[in-house]
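Trainee: Let's work through this model together. I will ask, and you will reason to a value or a name.

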Amino acid sequence: MKVFLAVVDEGGFTAAARHLSMTVPHVTRHIAALETQLGTRLLQRTTRSVSLTDSGERYAARVREILESVEAAVAEAQSTTSALQGVLRIVAAPALTDALIAPLAAAFNQQYPGIALDVYVDPQPVPDLNRYDLGFLQVPEGFDASIVARTLSTSEAILCAAPSYIARHGVPSTPQALAEHLCVLRRTPHLHRNSFALWRSQQSTLEAPVHDIEVRPSLTLNPTASILQAVLDGAGIATFTYDAARPFLEQGMLEHVLPGWITARMRVLAGLPSRKHLPQRTQAFLDFVFAAHKAGKIDRC
């Protein structure tokens, strides 16, 4: 069942074998044996893709429920002896991996030496949480993907530039003036890659008027750390959450562009798979992260 779901979730036999650290022939034999046992074809194979048959769709849904129940039963049975042991599978965006998980890993390991953190870095805004124990997501306000989640923090996204850029190009006085400036943009599947959407900070709701400004990108890329470095080097104007930009603003390494305007209100969520039983090692890490955030040990989200 686990091998079958891996083929479904990973989109093919080769990817499933890599995910499970198995050989492709081994995965193929598992699926063939399962289909023989059930007397029906679960997967439709072509030279380029693998898709579910109607029977496979129904079977995958039930199997996922069964395996979640099995994992919950095991976790409950082990709760008094090995709950704070084992592997905790976490998925997070690159920026949140750097801001939340990496700074806390050593301290968490000292407090819970029996728990190993297995972290998957995924640039997708909403990864498939069913494949992990815990996920950290950064999403705009109003986001709703019908997931089980707790809000870790909220922050407004603002525009910033390095003093060296401002010395060369000046400061835009209105949102429309951004069109005359060089900008460093984050590649995302949800937004036009060459535009900034701006709201007045006191009206940053989904109903507020939006100023969608076409801009000239000097650079377009994904990793937050790379965007930050490019902006610090004077490549252009970019958007960051206020929490991420604050240390650089305080040190004079960045300047706030267009105060009173924001590009989004963001939330950092701790997302959970839809399970009735939360393993204690997951709860332990959640409590650790929330306590660290409250104490100000992590705030650059």
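## Contacts, packing and a pocket

Mentor: Start with Thr282. Leaving aside neighbours within four places in sequence, Thr282 is in contact with Leu88, Asp133, Leu134 and Leu272. This is a predicted model, so read every value as computed from it.

Trainee: Which helix holds Thr282, and is Thr282 buried or exposed?

Mentor: Thr282 lies in helix α9, residues 280–294. The cut-off for buried is under 20% relative accessible area. The relative accessible area of Thr282 is 1%, so Thr282 is buried.

Trainee: Now the chain as a whole. How many helices and strands does the secondary structure come to?

Mentor: The chain has 301 residues, and buried residues make up 40% of them. Its secondary structure comes to 9 helices and 14 strands.

Trainee: What percentage of the contacts with a separation of 6 or more comes from residues 24 or more positions apart?

Mentor: Take the contacts in the chain with a separation of 6 or more. Then keep those between residues 24 or more positions apart. They account for 74%.

Trainee: On to helix packing. How are α2 and α3 oriented to each other?

Mentor: Helix α2 spans residues 13–20 and helix α3 residues 24–38. Their axes come within 8 Å and cross at roughly 110°. Angles of 65 to 115 degrees count as roughly perpendicular. Therefore α2 and α3 are roughly perpendicular.

Trainee: Which residues make that contact, and how do they divide by class?

Mentor: From α2 come Phe13, Thr14 and Ala17. From α3 come Val24, Val27, Thr28 and Ile31. By class, the contact has 5 nonpolar, 2 polar and no charged residues.

Trainee: Which elements do the buried residues of α2 pack against?

Mentor: The buried residues of α2 are Phe13, Ala15, Ala16 and Ala17. Phe13 and Ala17 also take part in the contact with α3. The buried residues of α2 pack against α1, α3, β1 (43–45) and β2 (50–52).

Trainee: Which residue follows α2 with a positive phi?

Mentor: Look in the loop between α2 and α3. The residue there is not a glycine, yet its phi is positive, about 60°. At 70% relative accessibility it counts as exposed. The residue is Ser21.

Trainee: Leu258 also has a positive phi. Is Leu258 buried or exposed?

Mentor: Leu258 is not a glycine, and its phi is about 55°. It lies in the loop between β12 (255–257) and β13 (261–262). At 5% relative accessibility, Leu258 counts as buried.

Trainee: What covers the buried residues of α7?

Mentor: Helix α7 covers residues 224–232. Its buried residues are Ile227, Leu228, Ala230, Val231 and Leu232. The cover includes β6 (148–161), α6 (163–169), β7 (182–186), β10 (216–221), β11 (238–241) and α8 (242–250).

Trainee: Ser164 lies in α6. Which residues is Ser164 in contact with, leaving aside neighbours within four places in sequence?

Mentor: At 32% relative accessibility, Ser164 counts as partly exposed. One partner is Leu232, a buried residue of α7. Another is Gly234, which follows α7 and has a positive phi near 90°. The list is Leu232, Asp233 and Gly234.

Trainee: How far apart in space are Ser164 and Met253, C-alpha to C-alpha?

Mentor: In sequence they are 89 residues apart. In space, C-alpha to C-alpha, the separation is 9.2 Å.

Trainee: What separates the C-alpha atoms of Pro103 and Lys297?

Mentor: Pro103 is found in helix α5, residues 94–111. At 46% relative accessibility, Pro103 counts as partly exposed. Lys297 is 194 residues away along the chain. The C-alpha separation is 8.6 Å.

Trainee: Now the second largest pocket. Which element gives the largest share of its lining?

Mentor: About 460 Å³ of space lies in this pocket. Of its 17 lining residues, the closest to the centre are Lys2, His19, Glu71, Arg89 and Arg131. Elements giving two or more residues are α1 (2–10), α2, α4 (54–77) and β4 (115–121). The largest share, 5 residues, comes from α1.

Trainee: How many residues of that lining are charged?

Mentor: Divide the lining of the second largest pocket by class. There are 5 nonpolar and 2 polar residues. The charged residues number 10.

Technical notes:
Residues are numbered from 1 along each chain as its sequence is written. This is a predicted model: local features need pLDDT of at least 70, side-chain atom pairs count only at pLDDT 80 or more; totals for chains, interfaces and linings use all residues. Side-chain values use heavy atoms; hydrogens and water are left out. Axes are lines fitted to C-alpha atoms, for helices over the stretch in contact, and angles run from 0 to 180 degrees between N-to-C directions. Helices (H or I, at least four residues) and strands (E, at least two) are DSSP runs, numbered from the N terminus. Angles under 35 degrees count as roughly parallel, over 145 as roughly antiparallel, 65 to 115 as roughly perpendicular and the rest as oblique. Contact means heavy atoms within 4.5 Å. Ala, Val, Leu, Ile, Met, Phe, Trp, Tyr, Cys and Pro count as nonpolar, Asp, Glu, Lys and Arg as charged, and the others, Gly among them, as polar. On a 1 Å grid over the protein atoms alone, a cavity is a set of points where a 1.4 Å probe fits but cannot get out, and a pocket is an open set with protein on both sides within 12 Å along at least five of seven lines; lining residues have an atom within 4 Å of a point. Grid points are joined across faces, edges and corners, and a volume is the space filled by probe spheres set on the points. Buried means under 20% relative accessible area, exposed over 50%, partly exposed in between (1.4 Å probe, protein chains only).
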